[in-house]
Structure formats: C-alpha cells, structure tokens
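Here is a walk through a protein model, written for someone just starting out. Keep the 3D view open and look up each residue as it comes along.

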Amino acid sequence: MNNAQFAPWEDPAAKPLIEFKGVTKNYGTFTAIDNIDLKIYPREFFALLGPSGCGKTTLMRMLGGFETVTKGSITIDGEDMAGIPPNKRAVNMMFQSYALFPHLSVADNLAFGLKRSDMPKSEIQGRVEEMLRLVKLQKFAGRKPHQLSGGQKQRVALARALAKAPKLLLLDEPLGALDKKLRQETQFELMDIQEKTGTTFVIVTHDQEEAMTVASRIAVMDDGKLVQVDTPDRIYEAPNSVYVADFIGDVNIIEGGVSNVSGEAAELSWSEGKPAIKGVSGERIQKGSSGAFAIRPEKIAISRDKPVDVHNCVQGVVEDIAYLGNMSTYYVRLDNGSLIKAQTANSRRIARRGLTWEDSVWLSWTDTAGIILPT
Amino acid sequence: MRKLSWFNVVSLTFGFAFLYIPMVILVVYSFNESKLVTVWAGFSTKWYGELMQNEAFLDAAWVTLKVAVISSTIATVLGTMAAFVLVRSGRFFGRTLFSGMIYAPLVMPEVITGLSLLLLFIAIGMDRGVMTIVLAHGTFSMCYVSVVVSSRMATFDESLEEAAMDLGCTGWDAFKSVTLPIISPAVISGWLLAFTLSLDDLVIASFTAGPSATTLPIKIFSSVRLGVSPEINALSTIIIALVAIGVITASIASKRAIVRQRRDEQVAR
C-alpha cells in the first residue's frame, strides 16, 4: 500500500465504510461523546488517540455494538447500526485483555466464531490453519491460553478476531501489555497483516508513537470531542490547536498576539522590543487576537554566533543539556524567562563539544518551521 | 524438619485428641460383639450385617440421598441465577437490600427457617413429605451457592462474554459456552456445599418432614433417643468412611491440578 496514493478521505466520491453522524453518548449527566461526525474509509488503518477518559474507547465500543448511541447515528457500509447486537455485526474486536477463552485450546479459540457463522464444518479446519499461519503460531494450536507468552496471546487474539474476515476490525489498546521492543515489532506485524487481509482497522491507543507508526489517519480526541482528524504527518507538522501540538511529540510553545496574517504566513509578537516571530498561519487565526507559536525542538538550530539571513532568531543561555545518544536536547532560557528546547542529531560519533552550560547562544529557525495557532 | 517443643507436642496431642477420640470410640464400638454400647465383648462385623437388613434405615438413607441431590441441584440453579444478577446488573433500585436478603438466611437460626417453612406448607395445604424437604433444603442452601458463585463472578473478566458475543454468540450461547465452563468449579463446589448441607440437616428437615418421609439424620436422632444401638455406630462409621474418601479424593485432585498448572506456566516461558 502506498501512502502517497492511498487517500480516500480526499476523494469526495469515495464511499466511507463507517459514518458517524452527530453521535452523542451520555451517561446520566456526563457526556462521554459529544456530537461527533466522522467518516472512516475501507482499508484504512484509523487510530483514535487521546488521554484516558477522552471517550476513545466508548467511541470504538459503539462500533462493536457494546454501547448504545444516545443521539445521532452510526452506519457501517451504508447500514444503520442502531439496535443491531454485536453478534449480528460484520465487526470483530480485539480486546485489551485479549479475552481468550481459557478453557479452549488456541485452535478452538480461533474456531469459536467460525462455528457460529454459516461456514461449512469442513472448511473451518482449513481456515483455522490459515489464521495460525498468518500469525505464525502453527506449533501452538493445541496449547491452552495460559501456556502462551504475552506476545503469543496477543497474536491469538488478533487471529481470532480476523478469522471471520470482518469488514472492520476494532483493536482496543492491542499492544498495551507488551514490552517496548516486542511492541515495536508487533506494530509492523499489525501493519503487514492489515495490508495482507485488506481489512479496515480502527485502533484505540493512548500511545502517540504507536498511532503515528501504524495509522493512515489519526483522530486526536479530547473530552468527548474530535480535536483533529488527519494523517500522521499533518497532525505532527500542522496541528490545528495547541492541544494537538502539545499532545503529539515534543513542542515549544511561545504565547503572544497575532500581529499580522497574510495568506499562508503570519506573525506573532511575543516580547516587547523584539521582532515578531514569522511562521505558517494555522487555521482560524485572526490578526489582533491572541495566539501561540508552536515549533518542534528538532526544527530549531543552535549556534554560538548570530546567524545571518535568518529572520527568526532569539538569544538565550544554555541551562541544561540532555544527551540521549542519537541526539542532544539543549534547554535554553530566553531573556523573558521562557525555556526553549532545541534538538540536534548526533550524526557524528564524536559530538562537537562546542556548547556547554551557561553559554550564551542563538536559536534560529526558518519562516516555515513553526506554526502560529489560535489560543 | 524442626523439632517441636514439648509445649507444641502437648497442644497438638490434646487438640487432636479432643477432635478425634469421640469418633475413634464410635468406630471401635461399631465392631463390638455385645449389644451394650459401653461393654467390649470382642470383635465382630455383625452390626453391619444387621444394618443391611434394617429397612427403616435403608429407606431413610435413600430419602436423604434423593433429597440432597434434587435440592442441591435446585439450589445451584437458583443460586447461580441470583449471583449472576447481583454481580452483573450493576446498580439498581434496592440492590443493597436484595444482596443483603440473599445472605440473611446464612445467619438466620435454622429453627426459624424451619418453623416458617412449616407454617407456609400448612397454609398452602401441602402434604409434608419428600417434596417439602426438597423445597426447604433448596431454599436455605441456595444462599450458600449464591455466595460461592458470586465471589467467582466478581473476578470474572466480562470482556470474555463480550468477545463471545462479538464472535457471533447470543447472550445465552455466550453464557453456556464461555461463562459457565469458566465458573464451573465454583458452581460445582456450590453444588457440593448444598449437597452436604442437605445431607446432615436435622433441624429444618424435622420441621418439614412428614410421616411418609424420614431422612437419615432424623432417623438416627430419633432412634438414639430410644437408646444407642451398635447399628447406629456401624452406620456412622460408614458415613465417616465415605466422607473421608471424598475429602481425600478432592484434595488429591486439587493438588494435581495445581501441579499441572505450574507445569503449564513453565511451558509458556
């Protein structure tokens, strides 16, 4: 799958697989999901990302049929899902706890859903073997779930959810219980399996790195609302709010007032007597209103001398240096008291030890490196 | 092995003596030749033979067994249903009251339970017999079953049931093919508990039994009042033997299960 070509969300003629229309979910007086409109297209790997309690799991459980909708409608493949129980939906779910049936062997776990479908008995065995091959667990068919390691359990859960060839697979924090190294390997396996089977995946996660790695599009949620729905690179490079910029990756935020907006470019005055910062104009910013300049640490250059030909440059003092091996992060205190992080890749083995604590340095960035957002 | 101090040896001896000397005497005298329970006249198994001829005892034993099996099955079904509702349905109006009421018969004096059931059976004009004992036993042992089953249900991962439904099960199918097999150890121990409660119940049974049906505990109790006969010793010895065999089998089985589980977990690593 080529990501540059796979972009059905930009094609107005594309037919979405899932459509949320004004979906609201209330628990008593608490609003878990607040008037959400969202379209998810076939073959997408869609991530719902947000802090715990933001409603992402509720939204997914609505797709599975485990939660009812208070207001609005959800359609899957053009069919309204209201009142349709989980066992009547062409949707399968991989549970966070894996929910493997402890009294059944791996093969019986995989066959569980098939036995309850209209698949003829003679084909079930073949399908189970196919699924075991897909997740590379052929040798473990006869084992019980408690005889498996965490990673193997995760793969059985995935295979079981895929066995019925659902139109849509829901994954609830599928890698949460795995250690970091295994999680990274499994992320690529997941993407591989998603491509092979052509199933639409909706994944819920609070791990932004995981969402960035696997997803074709990410929906960032906060407080029951969708804050931004976009591709990983757009989410990272062009967040539509300070919340998204802050939630995804590392970011420097400089607050001030929007002093000029002209097309794609904007300026933010942030400190008396200093030239305004130039940046890309974010959505919905207006001249004269308050705004915030957001820039990623790796887009800031650090130097001892004042760089020439660069508009955006500020002076500060190195307060701290974090050496992370592959890169170093410099924490620079500006005159007005704010702390800015600048990151440089340690591409050479012996890093230039040019900068040290208490050094006076210049930070600079290009006019398009950062974005000015409304606050 | 640590050597026990003299104090511990004495405590242990007295403790076990206190527990088991009465039973040892009972067993020994069941093999007594003499008709007098307190006079030893040589070894014999004749009382066992006579017991086998005693229709009244055999009838009572049969009634007891029938009552225990039927009532514990009823109690298991009702108790499991009650446990399911109380654990699963979350908060509803009067939930605390209901769960309190389920447990209340556990602390209720048996005399009260028996008397109230007797009054009920009289009021609705039900003839006392096997049926009334079954209903009475089912009623009071259901609470024990629901305590055992609900403690297992409380730790049951509900996503297992959701997974079953997600894979195409209806609610009942999910319960039957996933929930029930997983909680079955608790259901079985609930049944066994109800079974033993019914077997040795004297108080409630004597309130609800009629002339047509007598359980073994009632029979033993009433015949002892006319004087202890070596036959009763023989009967009690048989019961002790059966219970001992049951307990030993159960503990060996559970020990084996633990060993097997340890081995399985080693395989997983």
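Which side chain of opposite charge is nearest to A:Asp172, and how far away is it? Keep in mind that you are looking at a predicted model. The nearest one is A:Arg61, 6.0 Å away. A:Asp172 is buried, yet it has no salt bridge. That follows from the cut-off, because a salt bridge needs a side-chain nitrogen of Lys or Arg within 4 Å of a carboxyl oxygen of Asp or Glu.

So where does A:Asp172 sit? You'll find it in strand β7 of chain A, which covers residues 168–172. Leaving out residues up to four places away in sequence, A:Asp172 touches A:Thr57, A:Met60, A:Met93, A:Met94, A:Phe95, A:Gln96 and A:Val204.

**Chain A as a whole**

Let's zoom out. Chain A has 375 residues, and 50% of them count as buried. Its secondary structure comes to 8 helices and 20 strands. The chain is divided into domain 1 (8–237) and domain 2 (252–374), and the C-alpha centres of these two domains of chain A lie 39 Å apart. Measure out a box along the principal axes and the C-alpha atoms of chain A fill roughly 80 × 50 × 40 Å.

How much surface does chain A have? Its accessible surface comes to about 17900 Å², and 48% of that belongs to carbon and sulfur atoms. As for contacts in chain A with a separation of 6 or more, 67% of them are between residues 24 or more positions apart.

**Salt bridges**

Over all chains, the count comes to 22 salt bridges. Here are three from chain A, with the distance between nitrogen and oxygen.

| Pair | N to O distance |
|---|---|
| A:Glu19 and A:Lys39 | 4.0 Å |
| A:Glu67 and A:Arg61 | 3.2 Å |
| A:Arg234 and A:Asp230 | 3.9 Å |

Take the salt bridge between A:Glu19 and A:Lys39 to begin with. This pair links distant parts of the chain: A:Glu19 is in strand β1 (residues 18–27) of chain A, while A:Lys39 is in strand β2 (residues 30–40) of chain A, 20 residues apart. A:Lys39 has a relative accessible area of 39%, so it is partly exposed.

Now for A:Arg61, which you met at the start as the nearest opposite charge to A:Asp172. A:Arg61 forms a salt bridge with A:Glu67, and both of these residues are buried.

The two partners in the salt bridge between A:Arg234 and A:Asp230 are worth looking up as well. A:Arg234 is partly exposed because its relative accessible area is 42%. A:Asp230 has a relative accessible area of 18%, so it counts as buried. Elsewhere, salt bridges that share partners join A:Lys25, A:Arg61, A:Glu67 and B:Glu162 into one network.

**A proline in a helix**

Is A:Pro232 buried or exposed? At 12% relative accessibility it counts as buried, because the cut-off for buried is under 20%. A:Pro232 has its place in helix α7 (residues 232–237) of chain A. Not counting residues up to four places away in sequence, A:Pro232 touches A:Met212, A:Ala215, A:Ser216, A:Arg217 and A:Ile218. By contrast, A:Gln315 is 83 residues from A:Pro232 in sequence and 32 Å from it in space, C-alpha to C-alpha.

**Over to chain B**

Which residues make a nonpolar surface patch of about 1100 Å²? They are B:Leu4, B:Val9, B:Leu12, B:Phe16, B:Leu19, B:Tyr20, B:Met23, B:Val24, B:Val28, B:Trp40 and B:Phe43. One of them, B:Val28, is found in helix α1 (residues 6–30) of chain B. With a relative accessible area of 38%, B:Val28 is partly exposed, so it passes the patch cut-off of over 30%.

Another valine to look up is B:Val148, in helix α6 (residues 130–154) of chain B. B:Val148 counts as partly exposed, at 23% relative accessibility. It touches B:Ala186, B:Ser189, B:Gly190 and B:Leu193, not counting residues up to four places away in sequence. B:Val148 and B:Thr80 are 68 residues apart in sequence but 8.9 Å apart in space, C-alpha to C-alpha.

Last stop: helix α10 of chain B, residues 216–225. B:Leu216, B:Pro217, B:Ile218, B:Ile220 and B:Ser223 are buried there. Just after this helix, B:Gly227 takes a positive phi of about 120 degrees.

Definitions and conventions. Residues are numbered from 1 along each chain as its sequence is written. Chains are lettered from A and ligands numbered from 1 in the order in which they are written. This is a predicted model: local features need pLDDT of at least 70, side-chain atom pairs count only at pLDDT 80 or more; totals for chains, interfaces and linings use all residues. Side-chain values use heavy atoms; hydrogens and water are left out. Patches are made of residues with over 30% relative accessible area and no salt bridge: like charges are joined within 9 Å, nonpolar side chains (Val, Leu, Ile, Met, Phe, Trp, Tyr) within 5 Å. Accessible areas come from the Shrake-Rupley method with a 1.4 Å probe; for residues, only the protein chains shown count as cover. Helices (H or I, at least four residues) and strands (E, at least two) are DSSP runs, numbered from the N terminus. Buried means under 20% relative accessible area, exposed over 50%, partly exposed in between (1.4 Å probe, protein chains only). Lys and Arg count as positive and Asp and Glu as negative; His and the chain ends are not counted. Contact means heavy atoms within 4.5 Å. Domain bounds come from an automatic or database domain assignment.
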